[in-house]
Every structure is written in C-alpha cells, then in structure tokens.
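Here are my notes for a colleague opening this entry without having seen it before. They are set out as numbered points, to be read alongside the sequence and the model.

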Amino acid sequence: MIKKLQHRIELILSLTIVGIIIVVLVFSMLAQFNENTSSLEKQLRRAEDAAYDSYYESILDNRIQKSGDTDNTTKAKTDACPDSPSYAVFIETDGESTDGAMLSDEASGDAGDVTVENNEDGIAYVQNGNADKDDVAALARQMKETGNDSGEYSIYMYDIRDVEDMKQITFIDTTEERRRLIPIYVLTAIIGAAAIAAAVIISILLSRYLVKPIAENIKKQKQFIADASHELKTPLAVVDVNIDMARSTKDNDKYLGYIKGETKKMNRLIQELLTLESVEDAETTEKGWEHFNLSDTIEGVILPFEAVAFEKGVTIDQQIDENINFYGDPVDISRMAETLIENAINHSDANAKVDVSLTHTKNHIRFKVGNHGETIDPESQKHLFERFYRVDKARNRKEGHFGLGLAIAKATTDRYGGTISVSSENGYTVFTVSFRE
C-alpha cells in the first residue's frame, strides 16, 4: 500500500513539476520570439522612414539636376539603415508616373546604397539590400496582392502604407534575425530537459520524504495493535483459567480475587490507552486550558508520594521556584509529573534520594526528576518514550505497568510545544522537561 501511495505521489509530483517547466519553457520561447519580432518591426519602421525620406530627397535632387541639365540619376545615403537587408518599392495607384520622378531606367545602386528610378510600370525602387530590382518588384506586387497592410511573406516582414497617390511597400529580410533564435531555443531545450530530469529525481526523493512519516505511523499502528493485543492476552488468559477453576472448586473467593485483579489491570491499560489517545489528539488542543500556578501544582503532586517514598526508604528532595505561571490543562501537567516521580521512586535504590526541581529562567521553564538506581543503557534510552517499551519487562508487568506512562509524558510535552529527555550515567538518571515561554 505504501509503495502504491509513493508511486502515485511520484507521478502527481512529476506531472505537476514537468507541466510547470514546460509552461515556463513555452512562455520563455514565446517571449524570445516576440522580442525578436518586436526588433524586426522596429527595423522595418526605420527602413520605411528612411526609404520615404530618400525617395523624396532624390526627387528634389532630380529637379535641381534637370534645371542644370546634369545627369538625371541620383543616389542618396541613409543613416537609418536596419540591421537586416531592407527593400522599399513605391507603386503608383493610378498606374501613371509621379510628377518629378521621371528618372533614367538605367539608374541602379550598389548594395547598401539607396537608388531611386522610374519604371514603365509605374514602379519606383528604393533599394537598401542586395536583391535584384526585378525580384524586389515582383515581391512587392505579391505582398500588395495579399490585401494585408502588414505581415510576413516568405522570409520577409513587410508593411504597406499610402503615400499620396502611391503605395509604399517596405520589407526586410528576417533570415538572420530568425536564425539568431535557433541557439537560444536549443539552449532553452537543453535547460528544459535538464530541469525535467531534475524534477523527476526531486519528485522521487520528495515522495519518499512525504511517505516516510505515513509509513512510520502505519508501522507504529501495527506495533501498537500487536503490543496491546499481547498485553490484553495475558490477563484474559488468567481470567479464563480462574473462571474454570472457580467452577470446578468450592473455594471461589480466591479465584474471583484473581479475576478481579486481572480486570483491574485491563481497565488500567484501557484507561492509559484512552489517555494517550486524548493527549495526542490535535483537535483537543487548548480544550480546558487555563492559567494556573505551576509551582503549587507540582508541590501538590509531590505531597502524596512522600508516604510511598518513605515506605521504600526513599527521600524526596524538592527545589521549586515560587509563583511560576503556566497556561494549559493542570490535569495534563499533574499526570506527567506523577508519572516521572512515581517512575523515579520505583527505580530508586533503597535509602536513596529522589531530586525534584522546577526552575524558571528567562525563556524556559524546566522540570527535572532524578534518582539513584540502575544506569539505563544508551540503546534503551532511545526507546524509553515509545509505547509499551519497558526496560525491565518482567518486573513492570508484575507491578501492573504497561510501558505507556513515559509515552503519555512525551505526548503531553509535545502537546505544549515542549521537550522531554533522559540522561543516565553512573547510576544517576534524570528526566528533564522543558517548556518555552
């Protein structure tokens, strides 16, 4: 089940991240294309304006030359040439020559020059490229016949506008500008492929990370069911045997007493399980919470244990700072303190001392319970706060302990955002609970 869940999360994460990457790549490519198109449009506008200026400057120069009976061919330079080869054609809308544009049919310009001439078909060329003038004229007619004022035709971007009684058709070669997009697209594709590969790897790692706590919880639930079943199995077996014995003998009181004792153990186990569930339930957080005097609460917990400690020859040494206020459920805190103090007394050496302290520093409240007894090995310390874990299983079962007390204590500290830890060296064990204000 966990594997299926992990694969589903991997699939969902991968598809989501890959989808986002693809969308980003597409938008990036579109942005590059639009930027390239915008650059070409600016070049086209510059070529259009330069051709217009050059055309009329040439007409004016031609008139001056005619009055001086000079050569009627004019070449004019433009300072606004675009980066790409550009071409401009002026076509007369009525098919007749334009006044002042009667130039020699043999006039031509070098590549990069601006040449103005008259054609029998009513076409005047303004060329700033390297294409043949007949090809330029043919392209201009084809662009004009599309019926669009602007657009792209083959490898050219064109624009058509009315200039007096003519159509000015200006177009530029987009080959070089579009070719510049190729390495950008290739690089984008490489980055995208690498990003997708990284996304798949991240999805796998992330899904494992997300599934891990779920797997641990399922494992704990299975272990919890197994442990609870084991704990209930023994008293139920004892009850079953004693019922048979009570039926077969006249001395029923003894066997009924055994049954009563085992039912008490089962009842205590059930109560501890319910308490643990209640403390761990996030929905009950702050239910029944109040501001109370923590110092008085801890002192009230210690008082009943003095008699128990006295019977074992154990003394309780307490150091409680006064008037420490706390916000929470007094029942939770009292139960946690009872668990730690009872645990310390039960595991203390005879005639030893149990140390209980409650201190308040600038940002922390610390509650400590220490006792002299057997040293807890480091491996056991790691598992002390787990459900049903007991260092001395035989002794704890005999005394009616199920290994849930410390689990409840940890759940309580977690509920209030605190921490609980244990240290055990040279026969001295200390449990420390810390709450941040």
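1. I would begin with helix α10, where Leu406, Ala407, Ile408, Ala409, Ala411, Thr412, Thr413 and Arg415 are buried. The helix is thus mostly covered, with 8 of its 11 residues in the buried class. Just after α10 comes Gly417, which takes a positive phi of about 70°.

2. Before going further, please keep in mind that this is a predicted model. The average pLDDT of the protein chain is 79, and 80% of the residues score at least 70. Two stretches deserve caution: pLDDT stays under 50 over residues 69-79, for which the model has 28 contacts beyond four places in sequence, and it also stays under 50 over residues 95-113, where 48 such contacts are present.

3. As for the overall make-up, the protein chain has 10 helices and 14 strands, and buried residues account for 41% of its 437 residues. The chain exposes about 25200 Å², of which carbon and sulfur atoms supply 54%. When contacts between residues at least 6 apart in sequence are taken, 70% of them join residues at least 24 apart.

4. Helix α10 also has a part in the largest nonpolar core, which holds 37 residues and in which Leu294, Ile298, Ile333 and Phe367 touch the most other members. At least two residues of this core are supplied by each of α6 (294-311), β9 (315-320), α7 (330-346), β11 (353-360), β12 (364-372), α10 (405-415), β13 (419-425) and β14 (428-436). The largest share, 7 residues, comes from α7.

5. Which residues does Ile333 touch, not counting residues up to four places away in sequence? They are Phe292, Leu294, Ile298, Phe326, Tyr416 and Phe435, and among them Leu294 and Ile298 are, like Ile333 itself, named with the residues that touch the most other members of the core. A second, separate core of 15 residues includes Ile91, Ala137, Met143 and Phe171.

6. A sheet is the next feature to trace, and it is an open one of 5 strands in the order β4-β2-β7-β6-β5, with antiparallel pairing. Its edge strands are β4 (123-128) and β5 (150-153), each of which pairs on one side only. Direction ignored, neighbouring strands of this sheet are turned by 20° against each other on average.

7. Within the sheet, the pairings can be followed strand by strand. Strand β5 is joined to β6 (residues 156-163) by 4 bridges, the two running antiparallel, and the bridge partner of Tyr153 in β6 is Tyr156. Tyr156 in turn has Asp173 as its bridge partner in β7, where β6 and β7 pair in the antiparallel sense over 8 bridges. These two strands form a hairpin with 2 residues between them, and Glu164 in the turn has a positive phi of about 55°.

8. On its other pairing, β7 meets β2 in the antiparallel sense over 7 bridges, with Glu92 standing opposite Met166 in β7. Is β7 largely enclosed or largely open? Because 7 of its 8 residues are buried, β7 is largely enclosed by the rest of the structure. Helix α2 (residues 133-145) lies across β2 (86-92), β4, β5, β6 and β7 (166-173), and it runs at about 110° to β7.

9. Lastly, helix α4 (residues 181-248) contains Ala199, and two of its residues make a useful contrast. Ala199 is buried, with a relative accessible area of 3%, and leaving aside neighbours within four places in sequence, it is in contact with Ile17 and Ile21. Ala199 also lies 8.4 Å from Leu13, C-alpha to C-alpha, although the two are 186 residues apart in sequence.

10. The other residue is Leu236, which is likewise found in helix α4. Leu236 is partly exposed, with a relative accessible area of 48%, a value that falls short of the 50% above which a residue is called exposed. The C-alpha atoms of Leu236 and Thr263 are separated by 8.3 Å, the two residues being 27 apart along the chain.

Terms used
Residues numbered from 1 in each chain as written. Predicted model: local features only at pLDDT ≥ 70, side-chain atom pairs only at ≥ 80, totals over all residues. Heavy atoms only, no water. pLDDT = per-residue confidence, 0-100. Contact = heavy atoms within 4.5 Å. Core = buried A, V, L, I, M, F, W, Y, C linked by side-chain atoms within 4.5 Å. Buried < 20%, exposed > 50% of the residue type's maximum accessible area, 1.4 Å probe, protein only. Areas by Shrake-Rupley, 256 points an atom, 1.4 Å probe, with all protein chains shown as cover. Pairing = 2+ DSSP bridges. Axes fitted to C-alpha atoms, helices over the stretch in contact; angles between N-to-C directions.
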